[in-house]
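Got the file open and want to get a feel for the thing before setting up any calculations? Let's go through it in a few quick questions.

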Amino acid sequence: MENNKLTRFGVSMDEKLLESFDQIIHNKGYQNRSEAVRDLIRDFIVQHKSSNNTENLAGAILLFYNHHQNNLVNEMMSIQHGYHDNILATTHLHIDHHNCLELIVVKGIMSDLQELSDKLITLKGVLYGKLTISPLA
Ligand code: NI
């Protein structure tokens, strides 16, 4: 990776958009735009790995949902049991009287993780859901 040839490219964008970007990367501590853009692109590539990728990946599914939704908790539990080989750990937090936050730590190939994540996130009553992938070293 370190020996790869560097390529420079130009990007045109709205001035306000760039100002917002610069403000955020400055607050995060990036020394320059190039390093921030490289990190964004690396993450974009990992998150968009093709579902026929057979590499072993680790990641987490974050779910935010209303547990009063009819049958939601049962459906969620049943789906997760169907993927017990992919689930390493689950943490459930009761955020308030109605809402729960659940973090499911997963491993496996992209198609399985994507399938599990899609099944959970599309359940009625799930207000927010996101799968984040990290490549295994
Ligand atoms: Ni709860």
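Q: How many helices and strands does the protein have?
A: Keep in mind that this is a predicted model. Counting the elements up gives 4 helices and 4 strands.

Q: In what order do the elements run from the N terminus on?
A: Helices and strands number 4 each, so what's left is to place them along the chain by their DSSP runs. Starting at the N terminus, the order reads α-α-β-α-β-β-α-β.

Q: What radius of gyration does the protein have, next to that of a compact globule of 137 residues?
A: The C-alpha trace spans about 50 × 35 × 20 Å along its principal axes. For a compact globule of 137 residues you'd look for a radius of gyration near 14 Å, but the protein has 19 Å.

Q: What share of the residues of the protein counts as buried?
A: To count as buried, a residue has to come in under 20% relative accessible area. Of the 137 residues, the share that makes it is 25%.

Q: Among contacts between residues at least 6 apart in sequence, what share joins residues at least 24 apart?
A: A contact here takes heavy atoms within 4.5 Å. Take the pairs at least 6 apart in sequence, then pick out those at least 24 apart, and you get 66%.

Q: Which helix gives the largest share of the lining of the largest pocket?
A: That pocket has a volume of about 980 Å³. It's lined by 21 residues, and Thr7, Phe9, Ser34, Val37 and Arg38 are the closest to its centre. The elements giving two or more residues to the lining are helix 1 (15-28) and helix 2 (33-47). The largest share, 8 residues, comes from helix 2.

Q: How many residues in the lining of the largest pocket are charged?
A: Split the lining by class and you find 12 nonpolar and 3 polar residues. The charged ones number 6.

Q: Which residues coordinate the nickel ion?
A: The donor spacing in sequence is H-x1-H-x5-C, so look for two histidines and a cysteine. The donor atoms are NE2, ND1 and SG, at 2.1 to 2.4 Å, and they belong, in that order, to His92, His94 and Cys100.

Q: Is histidine 94 buried or exposed?
A: Its fellow donor histidine 92 has a relative accessible area of 33%, which makes it partly exposed. Histidine 94 has 66%, and because the cut-off for exposed is over 50%, histidine 94 counts as exposed.

Q: What is phi of asparagine 71 near?
A: Asparagine 71 sits in the loop between strand 1 (57-66) and helix 3 (72-82). At 45% relative accessibility, asparagine 71 is partly exposed. Its phi is positive, in a residue other than glycine, and lies near 70°.

Q: What distance separates the C-alpha atoms of asparagine 27 and methionine 77?
A: Asparagine 27 belongs to helix 1 and is exposed, at 57% relative accessibility. Methionine 77 is 50 residues away along the chain, and the C-alpha atoms are separated by 40 Å.

Q: Which residues does leucine 103 touch, not counting those up to four places away in sequence?
A: Leucine 103 is part of strand 3 (residues 99-108) and is partly exposed, with a relative accessible area of 32%. Serine 34 is no partner, with its C-alpha atom 32 Å from that of leucine 103. The residues touched are Ala60, Ile61, Leu62, Ala89, Thr90 and Thr91.

Methods
Residues are numbered from 1 along each chain as its sequence is written. This is a predicted model: local features need pLDDT of at least 70, side-chain atom pairs count only at pLDDT 80 or more; totals for chains, interfaces and linings use all residues. Side-chain values use heavy atoms; hydrogens and water are left out. On a 1 Å grid over the protein atoms alone, a cavity is a set of points where a 1.4 Å probe fits but cannot get out, and a pocket is an open set with protein on both sides within 12 Å along at least five of seven lines; lining residues have an atom within 4 Å of a point. Grid points are joined across faces, edges and corners, and a volume is the space filled by probe spheres set on the points. Ala, Val, Leu, Ile, Met, Phe, Trp, Tyr, Cys and Pro count as nonpolar, Asp, Glu, Lys and Arg as charged, and the others, Gly among them, as polar. Donors are N, O and S atoms within 2.8 Å of the metal (3.2 Å for Na, K and Ca); water is not among the atoms, so sites may look incomplete. Buried means under 20% relative accessible area, exposed over 50%, partly exposed in between (1.4 Å probe, protein chains only). The radius of gyration is taken over C-alpha atoms; the globule rule is 2.2 Å times the number of residues to the power 0.38.
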